[in-house]
Amino acid sequence: MRAGGAFGGNRGLRPVPPEKGIFPLDHLHECDLEKKEYLNCLKTSGHQSENCRQFSKKYLQCRMEKNLMAKQDLSELGFGKPSGVEASVGNELS
């Protein structure tokens, strides 16, 4: 009878890395201002994240500029054109 890992895990399977990988923590506090602005917005808006998108975008841009995360097109992170703009463009093509 073979036992699993110390916490019941299966020793024969390799772990699967997260989709986006890992990124370094901001030990030097290079994006603290942007983080605090975002968290303050969340607090004042009753944790309605949609109201704080501009702060979230600014924070992610800071992290990318400081090499705290991989550079990526913001549209891939959910910051595409607003749906109203997309709808009007779609109507012009019809």
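How many Å should the 13 residues of helix α2 (residues 53–65) span at 1.5 Å a residue, and how far apart are its end C-alpha atoms? The views below take up this question and others on a predicted model.

**View 1. Helix α2 from end to end.** The helix covers residues 53–65. Its expected span is 18 Å, because each residue counts for 1.5 Å and the span uses one less than the number of residues. The end C-alpha atoms lie 18 Å apart, so expectation and model agree. Just after α2 comes N67. The phi of N67 is positive, near 60°.

**View 2. The whole protein chain.** Three helices and zero strands make up its elements. Read from the N terminus, the order is α-α-α. The chain has 94 residues, and 18% of them count as buried. Its accessible surface is about 8,000 Å². Carbon and sulfur atoms account for 56% of that surface. Take the contacts between residues at least 6 apart in sequence: 44% of these join residues at least 24 apart.

**View 3. The buried residues of α2 against α1.** Five names belong here: S56, L60, C62, R63 and M64 are the buried residues of α2. They pack against α1. Helix α1 itself runs over residues 32–44.

**View 4. L42 in helix α1.** Is L42 buried or exposed? L42 has a relative accessible area of 13%; the cut-off for buried is under 20%, so L42 is buried. Leaving out residues up to four places away in sequence, L42 touches H47, Q48, S49 and C52. A further distance can be drawn from L42 to F55. These two are 13 residues apart in sequence. In space, their C-alpha atoms are 9.5 Å apart.

**View 5. R63 in helix α2.** Why does R63 count as buried? Its relative accessibility is 4%, and buried means under 20%, so R63 falls within that class. R63 is also one of the buried residues of α2 that View 3 lists. Which C-alpha distance is shown from R63 to C31? The distance is 6.7 Å. Along the sequence, R63 and C31 are 32 residues apart.

How values were computed:
Residues numbered from 1 in each chain as written. Predicted model: local features only at pLDDT ≥ 70, side-chain atom pairs only at ≥ 80, totals over all residues. Heavy atoms only, no water. Helix = DSSP H or I, 4+ residues; strand = E, 2+ residues; numbered from the N terminus. Buried < 20%, exposed > 50% of the residue type's maximum accessible area, 1.4 Å probe, protein only. Contact = heavy atoms within 4.5 Å. Areas by Shrake-Rupley, 256 points an atom, 1.4 Å probe, with all protein chains shown as cover.
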